[in-house]
Each structure stands twice: as C-alpha cells, then as structure tokens.
Amino acid sequence: MAAVQVYFDLPRDGADWPPVEVESLWADTVGDGVVRLTNVPWFVRGVASGDLVRVEADADGVLWAAEHLEWSGNCTIRVVPFRSGPLHGSRRRVLDAFEPFGVTGEDIQQYGLVALEVPPGADLAGVQRVLRAGARDGWWDYEEGCVSEEWTAAASAKPVQ
C-alpha cells in the first residue's frame, strides 16, 4: 500500500470557517482509484479516519476526493480548548480527557484544534458526557464532523437516574 495525500475542497460555513479552502488527508491506496484515509480530518465534514474514498487525479497528478464509498465506523469530533478556560488552551489535556474511552486524536497548534477519532466500540455516552461537561464548564467548544446513528442515539438517550 502506498501512502498518498488526498485533497478535499471545503465549502465555507461563514466568512471565515473553515479557515482553509482545501484540506489534504493522508491515505493508503487500496485499489484502482480507491484509498483508505489514515488520519483524522481537521475540517472535512462527513468523513473519518479509515473511510474508503474514490479519488481522481487532476492534470498535475494531484488526487482529489471524488466520492465517499464506505464509512469506517469511526466518529470525528473537533474540540477547541479555550485559552481563557481551565485548560488554558492545552490540546494535550483535551486528548488526555478522552484517552480513558479509547479515543485518540491529533492536535494542530496553528488553529488551536484537536480532532478526535472515536472508534465504534467506545463508550459513546461517556464521551458525550465529557464533551458536554467541558463545554458547560468553559473548557472548550466542540463540533461533530462525522457521527454515527449510534452517536446520535446516545446523545438523545435519557441519562440513567
């Protein structure tokens, strides 16, 4: 398997988000024109690490995402720790908060952002409790980049009393 970079066009939600127009993700070639993403996306919505994507090369040989073929089951959650909050913007402490759930991720200093990869077997309700508590307590803000039906069901389930 050859490691390649795959480029995604990013539609902007507002005037300045996302802060880039294109994002590249690492991937392994698995077949003719098909790759498996190998890192967590910072800004691309609707894809996660491990997903299969059909790519097309442009005239310069750059690979562009053309079609999402198969979801890996991983969820992508983005967390921005507040510099003024209890974590003082620490991306490492965000990663540490989710490690007990088997959640991994990557951080990027340039945007003060952590991209979490939540595997399908993780305690989704537990991860969501920590996310909500951190947002409530001023630690961070977060967004769901790619989530499953199970994630959505866990979010709407009533807590056990």
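1. Start with the open sheet: four strands in the order β7-β8-β6-β9, paired antiparallel. (Two strands pair if DSSP finds at least two bridges between them; strands are DSSP runs of E with at least two residues, helices are runs of H or I with at least four, and both are numbered from the N terminus.) At the edges sit β7 (104-108) and β9, each pairing on one side only. Neighbouring strands here are turned by 20° against each other on average, direction ignored. For the angles, axes are lines fitted to C-alpha atoms, for helices over the stretch in contact, and values run from 0 to 180 degrees between N-to-C directions.

2. A word on provenance before going on. This is a predicted model, where local features need pLDDT of at least 70 and side-chain atom pairs count only at pLDDT 80 or more, while totals for chains, interfaces and linings use all residues. Residues are numbered from 1 along each chain as its sequence is written, and side-chain values use heavy atoms, with hydrogens and water left out.

3. Back at the sheet's edge, β7 and β8 run antiparallel and are joined by five bridges. If you want a register check, Glu 106 stands opposite Ala 115 in β8.

4. Helix α2 packs on this open sheet. It touches β6, β8 and β9 (contact means heavy atoms within 4.5 Å), and its direction makes about 140° with that of β9. The helix covers residues 124-136, 13 in number, and spans 18 Å from first C-alpha to last, close to the 18 Å expected at 1.5 Å a residue; that expectation is 1.5 Å times one less than the number of residues. Just after α2, Gly 138 has a positive phi of about 80°.

5. Which α2 residues are buried? Leu 124, Gly 126, Val 127, Gln 128, Leu 131 and Gly 134 are, where buried means under 20% relative accessible area, exposed over 50% and partly exposed in between, with a 1.4 Å probe and protein chains only. Their cover includes β6 (75-81), α1 (91-98), β8 (113-118), β9 (140-146) and α3 (149-156).

6. Now the helix pair. The axes of α2 and α3 lie 9 Å apart and the helices pack at about 60°, so the two are oblique to each other. (Under 35 degrees is roughly parallel, over 145 roughly antiparallel, 65 to 115 roughly perpendicular, and the rest oblique.) On the α2 side, Leu 124, Ala 125, Val 127, Gln 128 and Leu 131 make the contact; α3 brings Glu 150, Trp 151, Ala 154 and Ala 155.

7. Then there's the barrel: five strands close up in the order β1-β2-β3-β4-β5, with mixed pairing. Its neighbouring strands are turned by 55° on average, direction ignored. β1 (residues 3-9) and β2 (residues 22-31) are antiparallel over seven bridges, with Gln 5 partnered by Trp 26 in β2.

8. Further round the barrel, β3 (residues 34-37) and β4 (residues 52-57) pair antiparallel over three bridges, one partnership being Arg 36 with Leu 52. Six bridges join β4 to β5 (residues 63-70), also antiparallel, and Val 55 stands opposite Ala 65. β4 and β5 form a hairpin with five residues between them, and Gly 61 in the turn has a positive phi of about 85°.

9. Last, have a look at Gly 89, in the loop between β6 and α1. This glycine is buried, at 14% relative accessible area. Leaving out residues up to four places away in sequence, Gly 89 touches Pro 81, Phe 82 and Arg 83. Its C-alpha is 39 Å from that of Asp 60, 29 residues away along the chain.
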